[in-house]
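This report looks at how two protein chains meet, beginning with a single contact and widening to the whole interface.

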2 protein chains.
Amino acid sequence: MTRTRSSSEIRDASRREIVRALVVQGTATRTELAHTTGLSAATVSNLVAELREAGFIADAGTDSAGTGRPTTVLRIDGEGGSFLGIDLAETYVRAVVFDAAVTEIGAANVEIDEEWVSVDSVADALLRAVDLALERGGRAPSDILGVGLGLPGLLSTDRAGTVATPGWAAHVGRLEDRVRPRLPGPLVTANPLQAVGHSEIWFGAARGRSSAVVVNLGTGVGAGIIVEGRVLRGATHTAGEWGHTVLELDGRACRCGRRGCVEAYVGVPGIRHTLSEVDPDHALLQLHQREFIEGLRDAVGDPPVAETLARTARYLGIALSDIVAVLNPEVMTLTGWTAWALGDALLPAARIALAERAPELTAARLDLGVSPVQVNSVATGMAVLAFENHLDSSALARRARSRPGPRVDPPGPSPTPSSAPQPVAG
Amino acid sequence: MTRTRSSSEIRDASRREIVRALVVQGTATRTELAHTTGLSAATVSNLVAELREAGFIADAGTDSAGTGRPTTVLRIDGEGGSFLGIDLAETYVRAVVFDAAVTEIGAANVEIDEEWVSVDSVADALLRAVDLALERGGRAPSDILGVGLGLPGLLSTDRAGTVATPGWAAHVGRLEDRVRPRLPGPLVTANPLQAVGHSEIWFGAARGRSSAVVVNLGTGVGAGIIVEGRVLRGATHTAGEWGHTVLELDGRACRCGRRGCVEAYVGVPGIRHTLSEVDPDHALLQLHQREFIEGLRDAVGDPPVAETLARTARYLGIALSDIVAVLNPEVMTLTGWTAWALGDALLPAARIALAERAPELTAARLDLGVSPVQVNSVATGMAVLAFENHLDSSALARRARSRPGPRVDPPGPSPTPSSAPQPVAG
Ligand SMILES: [Zn+2]
Ligand SMILES: [Zn+2]
């Protein structure tokens, strides 16, 4: 209820800032960390000491470039622990193991029957992906300090569920209950939109920005919203359902059961719909999902495809302008496989439509582009969320009690099977 | 750039919390303040001491209800200073003087020629309203510690300007420059949407809530957005321009020059448009603005009016669902004179349309109603913003240096002409 953050919340936030800064910058001195994070030198020293104790920060040499005595250069100790990020989508589950430097050390994809035959089959697929990823990363379950699971959002699943698979909302809850005790670490969940928001804060265009929006374009579409450097979850954890805001009153039927949603125009089925309006017999209409999108990308010179992309870009620009008008963010990025495949083709015309509709300064000063975080954006976001949770005081304290001794002790045989990182397969 | 708040920002936020809690609760002990704000007892004691020194907190007796020794009950000292809130709208300017308990002690309205003949004439009207409000409140210019000016937002003016009065954005800047040196205190500006957001945090349904949206319904429409207890301003200070998000692709012409905006359906001209579709010869179409809205309110039994209200409620519910889908707030309130006049008539059907479109839990758990802050919502919001600014460390420090001595000294003749509060006229 109250709005004032407690001192332990502030300390938790500061600890996250330091880890994030070190992960992103690679190495830094305490002075550089104070500069990057805006924290006082004393706070940085305190938190660095605590994080060294916990095994997440190690020395990376000394910096003698200045005039005074050499200062210690710090780095994240990747061996400090491992985290699992899981991206559960409608057709596949992808599990990725990261070390504490958020470097990917093992990944696995397992396909899911699109019909969602049973919660058990999805839970089995998920746990199989986890086992495979651990094996490929050379990590034991006991090495995992936290697990982040990106679950399809309430609306993009629950409502879509009323079309394809009724009762999906209940499934998600049951799925969570089913897998939680069998996962190798404390579980944190979020929807994929919030997950890509976390990725973008750590590694993307939202880094160091106060406000940003990450727009996910795939079969479904939605937005990860970042305000004051934090991902907005919403009162019932469903903020960002921009895909089901209205673009055209009483317009096209959307797979959620409503009419005129943004998703029905710029989601993959929406783009197919547009091509079918332009040319009902077009050969690309035989293809599905990713193949369809890649087909468009490879045929931009084809007039019906060009017309489809022009209309899609206009729909997209107008729909983006609604987010810009309401939130007026500093930066906006597009992510998801439609964005990665078609971003370059869509952005010029989308920018024009957006500039025509959005309040003028908002569009003129908006930094808009395709996200630099690709491939694993959901899994990465969930892993860093699990990492952030682990960094909270209570979790760190629990860990300190359970560790055999501080990291500075003479190393005995490593308690973790520290196999060398392996090439990623997925 | 950095996201971590400095200790002085945290102290400023805590000081605001204490003042806000005391203003709203009337009286409180230090223990109660710690409970309400979530601050530690030590922090509360420190800040209370500082605020007593600055003249904003006074004793209101002792509370001996507990088992221990009697504790001091605190209250805001209304005589600690005065603040001016100014609501500059397209057709009038309203200035309101508040004491430090945020009690209205004088107000004045001055009409503005709707043609905006010149910046000078608007500046003159504004300063005349200020002089009148001061006189009615029995305050001298030197009593005013801060002035908050609500200026029409960038888009709802700049673009509307392209229809009625070109160059309006430049006018706002020039107006601000013109009046700033002639106002009786440091000036802070915001747009009216952000102003109603501040009102709602202090006195309305957003009190103590983490996230809220205040939807303003008048000639123009827009939303004040509250996230983590703070009003969202946006990268270029125009967050909340929901009125110009799209409701119907290529739909009705909006006065901003675009097509299909929410405002073209639920702003006053939009509601007139709907009535003219239902009954092109309806007598109420002769009326303008407020008279038109009050005419609708008084004729809800008239079938064309009932049909107009039904359609307007549906448009409103769908447009509100877009905000709910994206932001998923805890609470949403309607404000502005359309809401105050027609809220009861519109809300039942609007709720149904909203529930049909919004992600289900978001709508089911949303607290939606007409704002309890009425009449002076913009002026009140701007006055509390000026108060909050004044409470920041730097401003308080400047004041401490300029004050003759601490408040606890034996009182000499009051330096302010402390006339008794007068009945409000305006
Ligand atoms: Zn939909
Ligand atoms: Zn408009």
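Arg230(B) forms a salt bridge with Glu228(A), their closest N and O atoms lying 3.4 Å apart, where a salt bridge is a side-chain nitrogen of Lys or Arg within 4 Å of a carboxyl oxygen of Asp or Glu. The model is predicted, so local features need pLDDT of at least 70 and side-chain atom pairs count only at pLDDT 80 or more, while totals for chains, interfaces and linings use all residues. Residues are numbered from 1 along each chain as its sequence is written, and side-chain values use heavy atoms, with hydrogens and water left out.

The interface between chain B and chain A can be tabulated as follows.

| Item | Value |
|---|---|
| Salt bridges | four |
| Residue pairs in polar contact (both at pLDDT 80 or more) | 32 pairs |
| Buried area | about 5,400 Å² |

A polar contact is a pair of N or O atoms within 3.5 Å; within protein, one must be able to donate a hydrogen and the other to accept it, and residues adjacent in sequence count only if both atoms are side-chain atoms. Buried area is the accessible area (1.4 Å probe) that two parts lose on being put together, summed over both; carbon and sulfur atoms give 53% of it here.

With contact taken as heavy atoms within 4.5 Å, 65 residues of chain B touch 65 residues of chain A. Of the interface residues of chain B, 100% are also interface residues in chain A, so the copies meet through the same surface.

Definitions and conventions. Chains are lettered from A and ligands numbered from 1 in the order in which they are written.
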